[in-house]
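Open the model in a viewer and keep the selection panel at hand. The stops below say what to select and what is there.

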Amino acid sequence: MADKLSLSWDLSDLYEGIDDPRIDQTLDECLARAKSFANRYRGSINREGLTADYLRTAIEEFESLAQDMTKPMAYASLVFSADTSKPEHGALLQKVQERQTEIALDLIFFELELMALPPEIIEPILDDPCMSRYRHFVRAARLFREHKLSEPEERILEQKANTGSRAFQRLFEESISSIQFHVVIDGEERVMTEPEVIALLRDPKRETRKAASSALTKGLQDHSRPLTFIFNTLVYDKAIDDRLRRYEYPEQARHIANELDAETVDTVIATCVEGFDVSARYYRLKKEILGYDKLFHYDRYAPIFESKKRYPFEEAKAIVLDSFDRFSPQIRQIAELFFQNSWIDAEPRTGKRGGAFCSYVTADLHPYVFMTYLERSDDVMTLAHELGHGVHAYLAREQGFLNMSSALPVAELASTFGQMLVFEALAKQADLEEKMALYAEKIEEVFATVQRQAAMYRFEQELHRARRERGELTTEDIGKIWQRHMQAMFADALELGDEHALWWMYVSHFVESPFYVYAYSFGELLVMALYRMYQEQGAKFVPQYIDLLKAGGSCSPQELLARVGIDIKNPEFWRGGIRVMEEIVDEFERLSKTWRARAR
Ligand SMILES: [Zn+2]
């Protein structure tokens, strides 16, 4: 039966079903292997006389074990995502998680010993050609070496974090999710959660957006004292942590984790800030199209036109594959495997969790893609995005399990690039209003990733410094810093207004992972800049791009991009990304002129 395209995935490459006895078998075997691995290698890594051959053999064993123990976990979480309503799925996930932790406990020593090795022993070993495959893995394991405390100190900090920073993070989550927002629409009051109110900010009716925005502000205002206290406490906690761990400045720990230096990040952020003009220009156009005298914060995401066109899954498949094919037949072939072999779960079903993702699974199997396909243009873009990840993961398998996943700043490379290819294809076949809607969506998504995250990063930079220099900050102090940085990306094209001064309060990234946000700017601008290279070089660019994907996480972002001749410290490279953005806005401007001429 080759007629109907399957919308649900086939997980039998992992296991036959949740009762497959091989799940427990894998876990039992992995536990036994972890014990014998620990018996053999504990105390033998961090020692004088360690040789490259010995270390390589140990890492190979570790890799094979880590890969095999991932399979039950990958399977359980995929099954759970596809139907969270079945208690047996939750139970399987819980069981596998617990057993995986048990296995992992026996392996902790390995990375600790790698980290503890003095440079004079490990560096010559890493230079040995037989270690080339694992050089980056070892380097990555040792990234925080300089900032580790003694074991008793680490143990104390770890335990106290449960009643310290982690407790405040949880209090934040619980506070935000328990706030009831009272939205008044057409004289009727409705009580909503934070995600529901945020969704209303995209409503076509201005009154509704305004009501949602006031309700959000009011809800945050009512909780501003505890939320401000939580922010102050966590920012101060980080300052203490940074001092104890000998970090020189607030962003340093994040830069190390991202394998980027401050100079590079500053260059990228400065380029994003240069791009603030482009966003201001777009919002001026948007104001004219919407016919408003002035734009306010609740108009940022106002839809220009309601997109009514529907794309059946077959059509989305053809659009995605054709646009991948025009770029590279090899990439199309890989993407096609996902359809041929049912590696995609796209069917809308009750019980399915929200969102979309690509699970890399393991290097000896293949990735799976998860999403809910509802036939909107958005869903076509999501399919392209996740298949971009899928192709990336598929190609990176040749690096082996430990090296296949990319560092955060480059993790969205293929997904965003794939989306860009499909965006162009979708726009080409759309009528004028549809096309304008697609462009507006794309532009706003890019701004929300590049400019907005850069503005949020600058807010965090000032927030952490202000807390360190001035002590505890008031709600108004933080609001002022927030408004100044967030307003900058709109210049005079949109007025955020006083209500917006409280909106830092619900951004969980600030609370959970300080300075995380700039990786979004970095990743998106990188893709725009690479897209520029593609426009300039044409077919010559394609094999280089495929090499980037194949490298997976086998080296740092800087080394990775240097392989295709990119110097990530060079502002000109990043400006290429801003130019692509400008061109998209130029095209949007042309479209809106045509539209206005027709409307007349
Ligand atoms: Zn993604």
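## Stop 1: the metal site

The zinc ion has an irregular site, with angles of 51 to 139° among its four donor atoms. Keep in mind throughout that this is a predicted model. For comparison, ideal angles at a metal are 109.5 degrees for four tetrahedral donors.

Select the zinc ion together with His385, His389 and Glu412: the protein donors are NE2 of His385, NE2 of His389 and, listed twice, OE of Glu412, lying 2.1 to 2.7 Å from the ion. Along the chain, the donors follow the spacing H-x3-H-x22-E. His389 lies in helix H17 (residues 377-396) and Glu412 in the loop between H17 and helix H18 (413-428), so this pair ties together parts that are 23 residues apart in sequence.

Colour the two by accessibility. His389 counts as buried, at 10% relative accessibility, whereas Glu412 counts as partly exposed, at 32%.

## Stop 2: a hairpin

Now select residues 181-185 and 188-192. These are strands S1 and S2, which pair in the antiparallel sense over five bridges. Phe181 has Met192 of S2 as its bridge partner, and Val183 has Arg190 of S2. Two residues lie between the strands of this hairpin, and Asp186 takes a positive phi near 50°.

Show the side chains of S1. In a regular strand the side chains alternate between the two faces of the sheet. Which side chains of S1 point to one face and are buried? They are Phe181, Val183 and Ile185; His182 and Val184 point to the other face and are not buried.

## Stop 3: aromatic rings

The structure holds 47 aromatic pairs. Start with Phe109 and Phe110: the ring centres are 6.2 Å apart and the planes are at 70°, so the pair is edge-to-face. Phe109 counts as buried at 8% relative accessibility, and Phe110 counts as buried at 0%.

Go on to Tyr283 and Phe447, whose ring centres are 6.4 Å apart with the planes at 40°, so this pair is tilted. The two rings link distant parts of the chain, with Tyr283 in helix H14 (residues 276-290) and Phe447 in helix H19 (residues 432-449), 164 residues apart. Tyr283 counts as buried at 2% relative accessibility; Phe447 is buried too, with a relative accessible area of 1%.

Then extend the selection around Phe109 and Phe110. Ring pairs link them with Phe37, Tyr41, Tyr54, Phe62 and Phe137 into a cluster.

## Stop 4: arginines over rings

Select Arg202 and Tyr301. Arg202 lies over the face of Tyr301, at 4.4 Å from the ring centre. Then select Arg397 and Tyr394, where the arginine lies over the face of the tyrosine at 3.9 Å from the ring centre.

## Stop 5: salt bridges

Side chains of opposite charge can pair when their charged atoms come close. A search of the whole structure finds 47 salt bridges.

Begin with Arg56 and Glu60, whose side chains meet at 2.8 Å, N to O. Both lie in helix H2 (residues 52-82), four residues apart, about one turn of the helix. Arg56 counts as partly exposed at 23% relative accessibility, and Glu60 is partly exposed with a relative accessible area of 33%.

Next, select Arg575 and Glu274. Their closest N and O atoms are 2.8 Å apart in a salt bridge. This pair links distant parts of the chain: Arg575 is in helix H26 (residues 571-599) and Glu274 in helix H13 (residues 262-274), 301 residues apart. Arg575 counts as partly exposed at 27% relative accessibility, and Glu274 is partly exposed with a relative accessible area of 39%.

Where do Glu495 and Lys294 lie? The closest N and O atoms of their salt bridge are 2.6 Å apart. Glu495 lies in the loop between helix H21 (475-488) and helix H22 (508-512), and Lys294 in the loop between H14 and helix H15 (313-327), so the pair ties together parts that are 201 residues apart in sequence. Glu495 is partly exposed, with a relative accessible area of 34%, and Lys294 is partly exposed, with 39%.

For the last selection, take Asp24, Asp28, Lys95 and Arg99, which are linked in a network of salt bridges.

How values were computed:
Residues are numbered from 1 along each chain as its sequence is written. This is a predicted model: local features need pLDDT of at least 70, side-chain atom pairs count only at pLDDT 80 or more; totals for chains, interfaces and linings use all residues. Side-chain values use heavy atoms; hydrogens and water are left out. Donors are N, O and S atoms within 2.8 Å of the metal (3.2 Å for Na, K and Ca); water is not among the atoms, so sites may look incomplete. Four donors count as tetrahedral if all angles lie between 85 and 135 degrees; four count as square planar and six as octahedral if opposite donors are over 155 degrees apart and all others between 65 and 115; anything else is irregular. Buried means under 20% relative accessible area, exposed over 50%, partly exposed in between (1.4 Å probe, protein chains only). Two strands pair if DSSP finds at least two bridges between them. Rings of Phe, Tyr and Trp (its six-membered ring) pair if their centres lie within 6.5 Å; planes under 30 degrees apart count as stacked, over 60 as edge-to-face and the rest as tilted. A charge sits over a ring if NZ of Lys or CZ of Arg is within 6 Å of the ring centre and within 35 degrees of the ring normal. A salt bridge is a side-chain nitrogen of Lys or Arg within 4 Å of a carboxyl oxygen of Asp or Glu.
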